[in-house]
Amino acid sequence: MFKNIRFCFEHIRLNALDFVFKTIETTIAFLLISGFVTTSLNYRDYGNQIKGLMKNADLMTVNVLNSESVQDTKKNYKNLRRIYDMLRSIPGTLIVNNEYPVTINETYTERYQVTDNFFDSYGIHVTDPVNNWKERFRSDDSGRKYLLAGNSFKKTYNTGDLIDIQGEAYQIIGFIESGSSVALPMQDYQSESLDKAIITPIYDGEIAASDLISYIRSITVPSKEAEALLDVKRYNLKNAVLELDILSCRDQMKKVRKAVIEKEVYYGIIALVFIFFSVMSMLCMILQMITDYGREYAINIMCGAQKNDITVRIILEASMMLSISLGLSLIAGVNAGFAVDALVSILYIGMIVLITAYKIRYYSPGENLRSVE
Amino acid sequence: MITLKNIHKTYGKGNNRLEALKGVDLTINTGEMLAIMGASGSGKTTLLNIIGTIDRPTSGEYYIDSVRMDELSVKEMAVFRNRVFGFVMQDYSLISHYSAIKNIMLPLHYIKLSRAEKKLRVMRLIEAMKLENRKDALPSQMSGGQKQRVAIARALVNDANILLCDEPTGALDSVTAMEIMSILKKLNSEGRTVVIVTHDQSIAKKCDRIVEIKDGIIFNKAN
């Protein structure tokens, strides 16, 4: 073994430039694999986001324009409250408001205040729920406040635990299924993950005047209630409260879906390109090693080496190259791909051993030493 | 003494089956200089590789003195190649990035010797082969004759008793070829067995005996 190690170092020393090129090639292959892993994760995330689009987009949304110009007066509050209550009373109204994030354990947390038909509209599933969680979410006379926590909260909390939010205790009545996401109309075609978010009911009585516009903006109404919406529009015009526009959610969702699919395809193609070049690079290198050194190994066998010696030397040299490449990849900044790179190293060495053992087994030094005829 | 009995060597399977040797019987006496002649594809190099334990026969018996060579383990064959056989090839079979000294020293990596002893052996051979001024040169910096002398030195570094030469002068001009043949003759006169594969009549005539091989069969043995 010691002579093989010595041979290996000697071989690397005498073929230093070749070794350096091969190491660079392997490092690039590892970086490509990292790229593949990252883009695959993006591809998966965007795939999940499509699931966050509304299941039934036959809704109308209220778009509030120039809300900053609305003055904070008692009259305006009264009118805004009236508009809100009118919208709220329309059957099938859906409210999803995420404009009021909170801090939980010193961590910024997205908060979605929703009506109870939110879950069906977006196809959101709840895991580990308490009994009758839907009824509790709708209303509770006890004065207790409830929330559903994103899947990431499972590391720290259980169902039934209390979370302090801005001085108030909220009880966890379930967890949002991992991978859930929501794409809100009018939100720049983005789909947001719910894994780190919380969902609370809308507590109508507590909406401050300054927040009413935000809640009005968050309302969507079934298209069949278009007449009721017109009533709201007429009241608004009459009292000159806001500049309102009624938009179709279906059109919004189509745009979001298109944007998400484009990103999904983009990352998918990039991932495939990365993995293709990475695999080709490694295969070429393995074949090159075996081919280049074939004659040299044949001469060594002629001089008294055994085939095992050759296998060991190839593995030693490949291992050294891989270790350096892995180190260089880390320095270059490998994130999610590191675990994959380590796994690939092991597979790569295994591949070298198998291919080398196979080639050496059927290798005829005599053919390599045959005179030119 | 080298004895081959009914040696067969087959490559490939099924429709791609090729029988390179078809029942070769041959005896080579110790200290003999034998030429094996044949055209391209006749099986002469295959025969040489089997004698040199680089390849195993598909069937048949192969002895060196009383040792059954075809039944040796891989490790035992490697030891024979290292200590008993020396190879001299048409293309010199030198490692391109090793100097002359390193090439000559190659077989010494596979035996246990002190560094001083290794150096002594190598330097003696460099002197004997008149390579003093080329000892640190790479093969690309040497002439054909010099390269072949390096190959011969490597073949002798472990004091091999049997030299197996595959067209040793095939890539050399006539003058250099004669020089190499003189060296091989001298080594033979020291008691070494020399087997030369060649298709050159003038080289074969310098040997003690000529054997012809055609289509994997030895069909003519002449002194």
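What percentage of the 223 residues of chain B count as buried? In this predicted model, the share is 56%. The legends below treat the two chains, their interface and selected side-chain pairs.

**Figure 1. Overall view of chain A and chain B in the predicted model.** Chain A contains 12 helices and 14 strands, whereas the secondary structure of chain B comprises 7 helices and 10 strands. Of the 373 residues in chain A, 46% count as buried. The area exposed by chain A is about 18,900 Å², with 57% supplied by carbon and sulfur atoms. For chain B the exposed area is about 9,900 Å², and carbon and sulfur atoms supply 49% of it. Among contacts in chain A between residues at least 6 apart in sequence, 79% join residues at least 24 apart. In chain B, residues 24 or more positions apart account for 67% of the contacts with a separation of 6 or more.

**Figure 2. Interface between chain A and chain B.** Here 28 residues of chain A are in contact with 31 residues of chain B. The size of an interface is often given as the accessible area lost when the parts come together. Between these two chains, the buried area is about 2,600 Å², and carbon and sulfur atoms give 52% of that value. The interface has 0 salt bridges and 6 residue pairs in polar contact, both members being at pLDDT 80 or more. On the side of chain A that touches chain B, at least two residues each come from α1 (2-14), α9 (294-302), α10 (307-333) and α12 (365-369). The largest share, 7 residues, is supplied by α1(A). By residue class, this side of chain A divides into 10 nonpolar, 8 polar and 10 charged residues.

**Figure 3. Surroundings of A:Q113 in strand β5 of chain A.** Strand β5 spans residues 111-114. A:Q113 has a relative accessible area of 7% and is therefore buried, the cut-off being under 20%. Its side chain is joined to that of A:Y215 by a polar contact of 2.5 Å. Leaving aside residues up to four places away in sequence, A:Q113 touches A:I95, A:V96, A:N97, A:Y100, A:T200, A:P201, A:I202 and A:Y215.

**Figure 4. Salt bridge between B:D55 and B:K9.** The structure holds 15 salt bridges over all chains. In the pair shown, the closest N and O atoms of B:D55 and B:K9 are 3.3 Å apart. The two residues are 46 residues apart and link distant parts of the chain: B:D55 lies in the loop between α1 (44-51) and β4 (59-64) of chain B, and B:K9 in strand β1 (residues 2-11). B:D55 is buried at a relative accessible area of 11%, and B:K9 counts as buried at 9%.

**Figure 5. Salt bridge between B:R209 and B:E32.** The N to O distance in this pair is 2.5 Å. B:R209 belongs to strand β9 (residues 209-214) of chain B, while B:E32 occupies the loop between β2 (18-28) and β3 (33-37); the pair is 177 residues apart and links distant parts of the chain. Both B:R209 and B:E32 are buried.

**Figure 6. Salt-bridge network that includes B:E190 and B:K186.** Side chains of opposite charge can pair when their charged atoms come close. The closest N and O atoms of B:E190 and B:K186 are 3.5 Å apart in a salt bridge. B:E190 counts as partly exposed, at 46% relative accessibility, whereas B:K186 is exposed, with a relative accessible area of 53%. Through salt bridges that share partners, B:D159, B:K186, B:E190 and B:R192 are joined into one network.

How values were computed: Residues are numbered from 1 along each chain as its sequence is written. Chains are lettered from A and ligands numbered from 1 in the order in which they are written. This is a predicted model: local features need pLDDT of at least 70, side-chain atom pairs count only at pLDDT 80 or more; totals for chains, interfaces and linings use all residues. Side-chain values use heavy atoms; hydrogens and water are left out. Contact means heavy atoms within 4.5 Å. Buried area is the accessible area (1.4 Å probe) that two parts lose on being put together, summed over both. A salt bridge is a side-chain nitrogen of Lys or Arg within 4 Å of a carboxyl oxygen of Asp or Glu. A polar contact is a pair of N or O atoms within 3.5 Å; within protein, one must be able to donate a hydrogen and the other to accept it, and residues adjacent in sequence count only if both atoms are side-chain atoms. Helices (H or I, at least four residues) and strands (E, at least two) are DSSP runs, numbered from the N terminus. Ala, Val, Leu, Ile, Met, Phe, Trp, Tyr, Cys and Pro count as nonpolar, Asp, Glu, Lys and Arg as charged, and the others, Gly among them, as polar. Buried means under 20% relative accessible area, exposed over 50%, partly exposed in between (1.4 Å probe, protein chains only). Accessible areas come from the Shrake-Rupley method with a 1.4 Å probe; for residues, only the protein chains shown count as cover.
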